[in-house]
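Biologist: I am new to this structure and would like a close look at a single part of it. Could you take me through one loop and the helix that leads into it, explaining each term as you go?

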Amino acid sequence: MSAGACRRSLVLDVVIAVGFALLDTGSTLLGLTWWPERPGPLAWGLLAVQAAVCLSLAARRRAPLTVLAVLGTFTLVLTLLISPGGVLVPAGPGNVWAPFATIAAAYGPVYRRDRRVALAALAVYTLVIARVWEPSVGVLVNGVLRTAVGPLLALYLDGRRRVIRMLTERAERAERERHLLAEQARAEERARLAAEMHDVVTHRVSLMVLQAGALRVTAGDEQTRQAAEELRAAGCQALDELRDVIGLLRTAPEPDAPPSAADFAALVAESASVGTPAELVEEGDRALASPVVGRTAYRIVREALTNVRKHAPGARVEVRIEYGQAQVRLTVRNTPPTGLPGGPLAGTGSGLGIANLRRRVEVVHGTLRAGPADDGGFSVEAVLPAYVAT
């Protein structure tokens, strides 16, 4: 229980204790319990003690058995003073002489873990209040009702709370099971898609790679052999990327190693070898980037360099990667093209490269901005979190 709830419960208990003290004092003075016709100093002293005893209800949550013992002892002493002591003669001998606070005192012990002790204490409590050594039907009935109302109410509320907790736990368990079933269905569907992609696409691309390899061996001129080798290399790269995608679809994908500095350098060198000068600048520790982040950055650089070759002939490219503790900042910026766009490569793309990259970046909770630069060139800027779980 929080500190605020404890304070509120304490305030409520104090209010209840004060209320019963006033109730019992007023009812006693009205002759509803043990007040004599001619009260003396003993009667007034007992009235003050009764008020103090009623105030013990403020501790009914923390020490319920103690409160029960205090009220029971006061009732027993009061009863013995009246009969057989004869020191005090009440105006209503047929009344229940116990204060009304005994009703509230009987409520708390039921919540104890060891209910056998609580029930034994309540049984003794009932015998004292009902004055079984002086049997009277009215007193017996009223005394039993006083001590039974509190425990019965406590048992009802406790049972209701247990039922509500049980129903809540059952509903939460059903919700968790439904969620697990949905997760299992999604995992099975992902595995099925991965198997379909592996069986169909891998088969066809493998045939292309094998045919390109055969053509490289049997071709009669060097230009054809070079084209066949490039086709074979592109097919092998497509197979690697396909395995990467299939790994994402599997329920338990194998961890992929992040692209190393050599991978980025190879992309830049490949771009320079086909006539697009490119420069790679890396700042910070590459180890700060997790494998998924490195793989995403690799694809951004590759797509950006491919777009430069297609749409900005003659442009120079700068690839800058900054590794930080929390973020990886990637910038691919090219100068204005020196040639006219619209060559044979310009129409080969689907036009979805940047859109696909943006979706991939959003998966790792990063941001991507692509657009014209101030100097007439083009800029692709991405900010990725340094760590993303594989």
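Modeller: What follows starts with the whole chain and then turns to helix 10 and the loop after it.

This is a predicted model, in which local features need pLDDT of at least 70 and side-chain atom pairs count only at pLDDT 80 or more, while totals for chains, interfaces and linings use all residues. Residues are numbered from 1 along each chain as its sequence is written, and side-chain values use heavy atoms, with hydrogens and water left out.

The secondary structure of the protein comes to 10 helices and 5 strands; helices (H or I, at least four residues) and strands (E, at least two) are DSSP runs, numbered from the N terminus. Of the 390 residues in the protein, 34% are buried, where buried means under 20% relative accessible area, exposed means over 50%, and partly exposed lies in between, with a 1.4 Å probe and protein chains only. Among contacts (heavy atoms within 4.5 Å) between residues at least 6 apart in sequence, 69% join residues at least 24 apart.

Helix 10 packs with helix 9 (residues 291–311) at an angle of about 165°, and their axes are 11 Å apart. Axes here are lines fitted to C-alpha atoms, for helices over the stretch in contact, and angles run from 0 to 180 degrees between N-to-C directions. Helix 9 and helix 10 are therefore roughly antiparallel to each other, given that angles under 35 degrees count as roughly parallel, over 145 as roughly antiparallel, 65 to 115 as roughly perpendicular and the rest as oblique. On the helix 9 side the contact is made by Thr296, Arg299, Ile300, Glu303 and Asn307, and on the helix 10 side by Gly353, Ile354, Leu357, Arg360 and Val361. By class, the residues of this contact of helix 9 with helix 10 divide into 4 nonpolar, 3 polar and 3 charged; Ala, Val, Leu, Ile, Met, Phe, Trp, Tyr, Cys and Pro count as nonpolar, Asp, Glu, Lys and Arg as charged, and the others, Gly among them, as polar.

Within helix 10, Gly353, Leu357 and Val361 are buried. Seen down the axis of helix 10, its buried residues fall within an arc of 70° (the arc being that of the directions from the helix axis to the C-beta atoms), so they line one face of the helix. An α-helix has 3.6 residues a turn, so residues three or four places apart point the same way. The buried residues of helix 10 pack against helix 9, strand 4 and strand 5 (378–385).

Now to the loop itself. Val364 lies between helix 10 (353–363) and strand 4 (367–372), in the loop that separates them. With a relative accessibility of 4%, Val364 counts as buried. Not counting residues up to four places away in sequence, Val364 touches Val292, Thr296, Leu384, Pro385 and Val388. Thr296 is 68 residues from Val364 along the chain, and the C-alpha atoms of the two are separated by 8.6 Å; Thr296 is also one of the helix 9 residues that make the contact with helix 10.

His365 lies in the loop between helix 10 and strand 4 as well, but whereas Val364 is buried, His365 is exposed, with a relative accessible area of 70%. His365 has a positive phi of about 65° although it is not a glycine, and this position comes just after helix 10.
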